[in-house]
Amino acid sequence: MHLIGKVLKEPKKDIIIASQNILIRAGYFVLDDKLISLPLGNMLIKNIMEKFLQLFNSTQEVDMGISVKKILNSKFFSEFIKAEFNSHKSIPNSFYYNNNETNDSYNTSKGLISSRYEKMLHIINISDTFQQIELSDYLLSNYNIKTMKALHNGSEQIYTPFVLGDDKYLLCNDCDYNSRKDLAIFDKNIRREHDIREIERVHTPACKTIEEVANYLNVPTSRTAKAVFYTVDNKLVFAVIRGDLDINEMLLMQVLGVDKLETATEEQIIKVGAVPGYASPVNISEKCIIIIDDSIAQSSNLVAGANELEYHLKNVNFDRDFNCDYIANIAVAREGDRCVCGGELKEITGVPLVDIDIIENDKHRYINTMGKPRQLIVSVNSFHLHKIIAMIAENNHDEHGLIIPESIAPFDGILISLLKTDKDRIDEINQIIDKSGKKFIVDDRKLKPGIKFIEADIRGYPIRLIISDKLLSNNEIEIKYRGAERSVIKISELKRFLK
Ligand SMILES: [Zn+2]
């Protein structure tokens, strides 16, 4: 039978990471704008999934359709949990499902690390106590993947540091703070002056940027307020942040409870009475959603726009001069910023592998054996399956190809037949393999032996057996474990070697 997914002779020029090139050349996946999972790739995904499901003792599939992240805090999810797990008899329990997620900023030159589509496995555990499963240790000991943990407000992400990863993290030099960059918090060095001064309108000709205004008025940008505009469902969002900081759209979306933001047009900005380039929330005429960074709320006597061409205001103070709908941390943390402990934040890149969310929600309750309502703990583990495979390839390969860990390899080995006469005698070997409980694929194609060996190596089969007329005449077979030396053994010994 022809195994769908040919080995490619040449490296793919557009893939810049060696391990990812091997994975594609080995015939596990086809990758361009789309991602095709070939039989070997699918077997690998299935085996990895089974390992994680065993680890969590999760046997029931409940397909929630979309990404669990999008429904985690929804009424729909909450109602389902409440209805199913309302009694001590129904817990502990675990269910799982797969879905595909789309990555709009994909980069296929990084192979499976940054593919457009990604298969996710979500395992949802429901219990009255939190079960700690050390996934980091599991990934390291079974797949040779070194991991780190980024923490943020009850959620956790296990990732592996990798220079060409798409994701950024900030780590503190002095304490164990480790966060996704887009969720990181930092010390904004907020300074508040004692005297609150009178507001003052000043002429600022040709000063459209924060830097120009700060220069002109001879103040640091950290003493200014800048406005950034978005729209959500056609409503204008007026975000204000200190001039030396930048808006973190991820945090902004979290505060607003939305998953999409659009940049506002000049027309929409003017409509609320703000003047682009000279905007501030002082004296605006129309209602809009005003959200200010805590750096603005806690600072005093700032320079802000006057909503008038070529004019700014000095000594603007929150509460006295303007109000808002939300005060929150909506600032981007950057490398070199201060950690709240005083240490310095350092940026690294990595590849996310597992997202862990713990929900301890008052709404989720069950009745215990004493008839009392008690809180349920819902923990959700979302596995980035394609990225896990990418990093298995990265950490388990050599110049000849993949070295797939035996526990998840699509086949335990390959039996290469070079027989020219007595081809049926391969059945004897197959029977021995079957009896050993191993699953082998047979390569009896009429190709040069060298090509067969190269293909077996690149695909990373854990064991390679070779049978030829000469070997068979001596009742011998060649055995080679991937990455080790080959040896010739008696066929009668094969069963023992396969155990
Ligand atoms: Zn720190």
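This report looks at confidence, one helix and a run of paired strands in a predicted model.

## Confidence

Let's start with how far the predictor trusts its own output. The mean pLDDT over the chain is 93, and 100% of the residues reach at least 70.

Confidence does vary along the chain. Helix α3 (residues 68-71) sits at the bottom with a mean of 80, while helix α10 (residues 385-395) tops the chain at 98. A general caution applies here: where pLDDT is low, don't read the predicted coordinates in detail.

## Helix α12 and its surroundings

Now for helix α12, which spans residues 449-459. Its buried residues are E455, A456, D457 and R459. So what covers them? The cover includes helix α2 (39-55), along with strands β23 (401-402), β24 (413-417) and β26.

Right after α12 comes G460, with a positive phi near 75°.

## Strands β26, β27 and β28

Strand β26, part of the cover over α12, covers residues 463-467 and pairs with β27 (residues 476-481). The two run antiparallel and are joined by four bridges. If you want a spot to check in the viewer, R464 is opposite K480 in β27.

β27 also pairs with β28 (residues 486-490), again antiparallel, through five bridges. Here you'll find E478 facing V488 in β28. How many residues lie between β27 and β28 in their hairpin? There are four, and G483 in that turn has a positive phi of about 90°.

Conventions
Residues numbered from 1 in each chain as written. Predicted model: local features only at pLDDT ≥ 70, side-chain atom pairs only at ≥ 80, totals over all residues. Pairing = 2+ DSSP bridges. Buried ≥ 20, exposed ≤ 12 C-beta atoms within 10 Å, placed from the backbone. Contact = placed C-beta atoms within 7 Å. pLDDT = per-residue confidence, 0-100.
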